[in-house]
Amino acid sequence: VVSSIVKVEGAAGLYRGMTAAILREMSYSTLRFGLYEPIRDALDDRPETNAALFGEDMAGAVRIVKRMFAGCLAGGVASAIASPTDLIKIRCQKDTTIPIPSFMSYVKAIAAQPGGPIMPFYEGVSLTITRAVVLGATKMTVYNEVRSRLGSLDAAAARARLQYVRRHGACRHDDDVGLHQRKVGRSELRDGCAASLESGSAASLPEPSSRPPVLTALSSPRSFARPLPPSPATRRGTGRT
């Protein structure tokens, strides 16, 4: 079929009626998806509502029936409104005239038919609605069920992550606090050593009770193998140069 169309009409023949097809999808599909959820919510397909009215055993079946009815109604209304674009698309794709006529030429030809300019665009609307009702009942219900199941999987994954954080978050927090204390301890020890070099004593070091354990161990007398060098004032007092 594709090769015969290309031979007779060229590559442009594969895109015959594309403008009408785009308009049809923009109107029909937008209305169908836009109307489905408000209708479904108006029917109240929540599990607790279905269980209270029909019992726990029938709650799942009632949910499916309500979603199918919402899909039927949304598809029927959307197809009734978008039926003119569907008719124009069919007329464009059915025609084999070469060169390919413009989109507006088909619109003018349909409007010029008896009963025009409005009613000819709704020719065959009953069949269009019947097809849309069947498709809406199946496609929208499957779409909603799959989305609900995926949402349940996401919620389960979120609960698992929350449980993991509750179990292991404290350990990570303790590690971070320990690392911070070690960094602060090294900084205090470095500042204390610098002050002791200037004063000639270790009196400027922080008190052991106010320092982390690692700093206390590092600042003990045993941790220094060599005594601190005398300060410049001490050297001047002893006569050294």
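Just after H3, Gly55 takes a positive phi of about 95°. This is a predicted model. Most residues other than glycine have a negative phi, and most peptide bonds are trans. Helix H3 itself spans residues 47–54, and its Thr49, Asn50 and Ala51 are buried. The buried residues of H3 pack against H4.

A second backbone feature sits further along the chain. The peptide bond between Ile98 and Pro99 is cis, with omega about 0°. Pro99 belongs to the loop between H4 and H5.

**Nonpolar cores**

In soluble globular proteins, nonpolar side chains tend to be buried together. Here the largest nonpolar core has eight residues. Its members are Ala20, Leu87, Ile88, Cys92, Tyr106, Val107, Ile110 and Phe121. Helix H4 (59–94) and helix H5 (103–111) are the elements that give two or more residues to this core. A second, separate core has five residues, among them Tyr36, Ile39, Ala70 and Ala74.

Ile110 is a member of the largest core. Neighbours within four places in sequence aside, Ile110 contacts Leu87, Ile88, Arg91, Pro120 and Phe121.

**The aromatic pair**

How many aromatic pairs does a search of the whole structure find? There is one. The ring centres of Phe33 and Tyr143 are 5.5 Å apart and the planes stand at 80°, so the pair is edge-to-face. Phe33 lies in helix H2 (residues 18–43) and Tyr143 in helix H6 (residues 125–199), so the pair ties together parts that are 110 residues apart in sequence. Phe33 is partly exposed, at 39% relative accessible area. Tyr143 is also partly exposed, at 31%.

**Pocket and cavity**

Rolling a probe the size of a water molecule over the atoms shows where empty space is left. A search of the whole structure finds one cavity of 30 Å³ or more. The table sets the largest pocket beside the largest cavity.

| Space | Volume | Lining by class | Residues from H4 |
|---|---|---|---|
| Largest pocket | About 210 Å³ | Three nonpolar, three polar, five charged | Six residues |
| Largest cavity | About 40 Å³ | Three nonpolar, three polar, three charged | Four residues |

The pocket is lined by Ser83, Asp86, Leu87, Ile90, Arg91, Lys94, Glu123, Gly124, Leu127, Thr128 and Arg131. H4 and H6 each supply at least two residues of this lining. H4 gives the most.

The cavity lining consists of Arg24, Tyr28, Ser79, Ala82, Ser83, Asp86, Thr128, Arg131 and Ala132. H2, H4 and H6 are the elements that give two or more residues to the cavity lining. H4 again gives the most.

Ser83, Asp86, Thr128 and Arg131 appear in both linings. Leu87 and Arg91 line the pocket, and both are in contact with Ile110. Leu87 is also part of the largest core.

**Thr128**

Is Thr128 buried or exposed? At 13% relative accessibility, Thr128 counts as buried, because the cut-off is under 20%. Thr128 is placed in helix H6. Leaving aside neighbours within four places in sequence, Thr128 is in contact with Ser79, Ser83 and Asp86. Those three contact residues also line the largest cavity, as does Thr128. Ser83 and Asp86 line the largest pocket too.

Key:
Residues are numbered from 1 along each chain as its sequence is written. This is a predicted model: local features need pLDDT of at least 70, side-chain atom pairs count only at pLDDT 80 or more; totals for chains, interfaces and linings use all residues. Side-chain values use heavy atoms; hydrogens and water are left out. A nonpolar core is a set of buried Ala, Val, Leu, Ile, Met, Phe, Trp, Tyr and Cys residues joined through side-chain atoms within 4.5 Å. Buried means under 20% relative accessible area, exposed over 50%, partly exposed in between (1.4 Å probe, protein chains only). Contact means heavy atoms within 4.5 Å. Rings of Phe, Tyr and Trp (its six-membered ring) pair if their centres lie within 6.5 Å; planes under 30 degrees apart count as stacked, over 60 as edge-to-face and the rest as tilted. On a 1 Å grid over the protein atoms alone, a cavity is a set of points where a 1.4 Å probe fits but cannot get out, and a pocket is an open set with protein on both sides within 12 Å along at least five of seven lines; lining residues have an atom within 4 Å of a point. Grid points are joined across faces, edges and corners, and a volume is the space filled by probe spheres set on the points. Ala, Val, Leu, Ile, Met, Phe, Trp, Tyr, Cys and Pro count as nonpolar, Asp, Glu, Lys and Arg as charged, and the others, Gly among them, as polar.
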